[in-house]
Amino acid sequence: MIEARNITRTFTSRGAFTGSRTVHALRGVDFSLPKGGAVSFIGESGCGKTTLGKILTGLDTFDGGELVVDGTDLSKLPVGRRAPYFRRIQMIHQDPYSALNPTRDIGQILGDPLRMRARETGAGRARQSERAAELLELVGLRPGVLAKYPHQLSGGQRQRVVIARALTVDPEVLVADESVSMIDVSMRLGILALLRDLRERLGISLLFITHDVATARYIGEGGELHVIYRGQVIERGPTDRVIQEPVHPYTQCLLSAVPVLRGLEEPGPDRLVPLAALDERLPTPGCLFAPRCPFATAECSAGRPVLTAHPDADDHQHACLHPKSRRVVAVEIAAGR
Ligand SMILES: Nc1ncnc2c1ncn2[C@@H]1O[C@H](COP(=O)(O)OP(=O)(O)OP(=O)(O)O)[C@@H](O)[C@H]1O
Ligand code: SF4
Ligand SMILES: [Mg+2]
């Protein structure tokens, strides 16, 4: 139902001391998200994850490519006529603390969008109240929460309210951008399980954005994982396969950087260098990862590798000139989560 083709987004800013600065936030991102499907994007800070989420929910625009929602190419529609399509795609933000108006109780917070929705569906007041109670139940909250204010709820409960509010407009897709990163660790699994449950029970598609391998694996089960580096997808495929048999050195670095798994990696023939800070503005004519890659050769700086199918699996693709399977995550640990 969502088809993104070659989406690009470039930001140009001018600072008093830094001069003109161009950031290629997204460099030709493609993916397709079917009904009830899950696609996760994983990558380090600044790689373009939130920019993608904002574009998909209409909070930002794209400057190249096509975004097809339910068969309609939004790039061909005037910006003012895109809203009905973006209503079907709702964003769950990272921060449940700032996402809710502290001066309104939960009944009012859910009531506003329900009233707007009722104008389209013709639902009366009684049905709106019934729907608010249904939504709370769906996200695992008691009806008593309706009378409470956001500050009276825990972080996990607030994020459930944020999810309930997104559901008021009957979306077909939820875009979850680091949705559990600001929540107490003990409550994270509950929110992740809720998102999985919504996918299974309501057939809602999930686009999950994270820098965390374990959550990507949990949410993306049976879906696709896209690894993004400096705005380019450098590896993608079925979630489990990419995690268990990564072939791109960046994916391998990302996986080997998971602290809990350190020391449990299978020793590879080569040592992977840790991720290090790099000035993203440096021009990189060839492979974007070359300045940090332990396996870079002169060839890697000549031209940028494009996504190429793995010889054993068409649906597993990588953008590396010297791909090599290196199992860096212990299977038992990953499976045990
Ligand atoms: N409005 C903007 N103006 C200028 N540059 C921007 C703007 N929004 C994003 N960027 C730049 O685009 C790049 C991608 O940003 P984005 O927020 O999408 O990254 P991210 O992967 O979500 O990072 P994080 O994990 O830290 O949230 C960054 O270099 C960022 O500085
Ligand atoms: S193309 Fe070369 S530099 Fe880029 S990831 Fe592969 S080996 Fe490393
Ligand atoms: Mg972000």
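With which side chain, 3.0 Å away, does the side chain of Arg292 make a polar contact? The legends below take up that question and then move to other close-ups of this predicted model.

**Figure 1. The whole chain, to get your bearings.** Before zooming in, it helps to know what surrounds the close-ups. The chain has 337 residues, and buried ones make up 48% of them. Its secondary structure comprises 10 helices and 12 strands. If you take the contacts between residues at least 6 apart in sequence, 65% of them join residues at least 24 apart.

**Figure 2. Arg292 and its two polar partners.** Here is the reply to the opening question: the partner is the side chain of Glu44, at 3.0 Å. The side chain of Arg292 also makes a polar contact with the side chain of Tyr229, at 2.8 Å. To find Arg292 in the model, look in the loop between helix H9 (249-256) and strand S11 (308-310). Is Arg292 buried or exposed? Its relative accessibility is 9%, so Arg292 counts as buried. Keep Glu44 in mind, as this residue appears again among those surrounding ligand 1.

**Figure 3. The surroundings of ligand 1.** Ligand 1 is surrounded by a set of residues that includes Phe11, Val23 and Ala25, along with Glu44, Ser45, Gly46, Cys47, Gly48, Lys49, Thr50 and Thr51. Some of these offer polar atoms to oxygen atoms of the ligand. From Gly46, a polar backbone atom lies 2.7 Å from an oxygen atom of ligand 1. From Cys47, a backbone N or O atom is 3.2 Å from an oxygen atom of ligand 1. Thr50 uses its side chain instead, with an N or O atom there 2.8 Å from an oxygen atom of ligand 1.

**Figure 4. Helix H1, a mostly covered helix.** How many of the 8 residues of helix H1 are buried? The count is 6, so this helix, spanning residues 49-56, is mostly covered. The buried residues are Lys49, Thr51, Leu52, Gly53, Ile55 and Leu56. Two of these names, Lys49 and Thr51, also belong to the surroundings of ligand 1. After H1 comes Gly58, which has a positive phi near 80°.

**Figure 5. Ligand 2 in its cavity.** This close-up shows ligand 2, which sits in the largest cavity. There are 13 residues around ligand 2, and those that come nearest are Cys287, Cys293, Cys300, Cys320 and Leu321. What is the make-up of the shell around ligand 2? Its residues divide into 11 nonpolar and 2 polar, with no charged ones.

**Figure 6. Gly303 beside an earlier stretch of the chain.** Gly303 is found in the loop between H9 and S11. With a relative accessible area of 32%, Gly303 is partly exposed. Setting aside neighbours within four places in sequence, Gly303 is in contact with Pro285, Gly286 and Cys287. The C-alpha atoms of Gly303 and Gly286 are separated by 4.2 Å, although the two glycines are 17 residues apart along the chain. Cys287 should look familiar from the previous figure, where it is one of the residues that come nearest to ligand 2.

**Figure 7. Arg326, a second buried arginine.** For the last view, go to the loop between strand S12 (313-318) and helix H10 (331-336), where Arg326 is found. The relative accessible area of Arg326 is 7%, so this residue is buried. Which residue lies 81 places from Arg326 in sequence, yet 6.3 Å from Arg326 in space, C-alpha to C-alpha? That residue is Glu245.

Notes: Residues are numbered from 1 along each chain as its sequence is written. Chains are lettered from A and ligands numbered from 1 in the order in which they are written. This is a predicted model: local features need pLDDT of at least 70, side-chain atom pairs count only at pLDDT 80 or more; totals for chains, interfaces and linings use all residues. Side-chain values use heavy atoms; hydrogens and water are left out. Helices (H or I, at least four residues) and strands (E, at least two) are DSSP runs, numbered from the N terminus. Buried means under 20% relative accessible area, exposed over 50%, partly exposed in between (1.4 Å probe, protein chains only). A polar contact is a pair of N or O atoms within 3.5 Å; within protein, one must be able to donate a hydrogen and the other to accept it, and residues adjacent in sequence count only if both atoms are side-chain atoms. A residue is near a molecule or strand if one of its heavy atoms lies within 4 Å of it. On a 1 Å grid over the protein atoms alone, a cavity is a set of points where a 1.4 Å probe fits but cannot get out, and a pocket is an open set with protein on both sides within 12 Å along at least five of seven lines; lining residues have an atom within 4 Å of a point. A molecule sits in a cavity or pocket if more than half of its atoms lie within 2 Å of its grid points. Ala, Val, Leu, Ile, Met, Phe, Trp, Tyr, Cys and Pro count as nonpolar, Asp, Glu, Lys and Arg as charged, and the others, Gly among them, as polar. Contact means heavy atoms within 4.5 Å.
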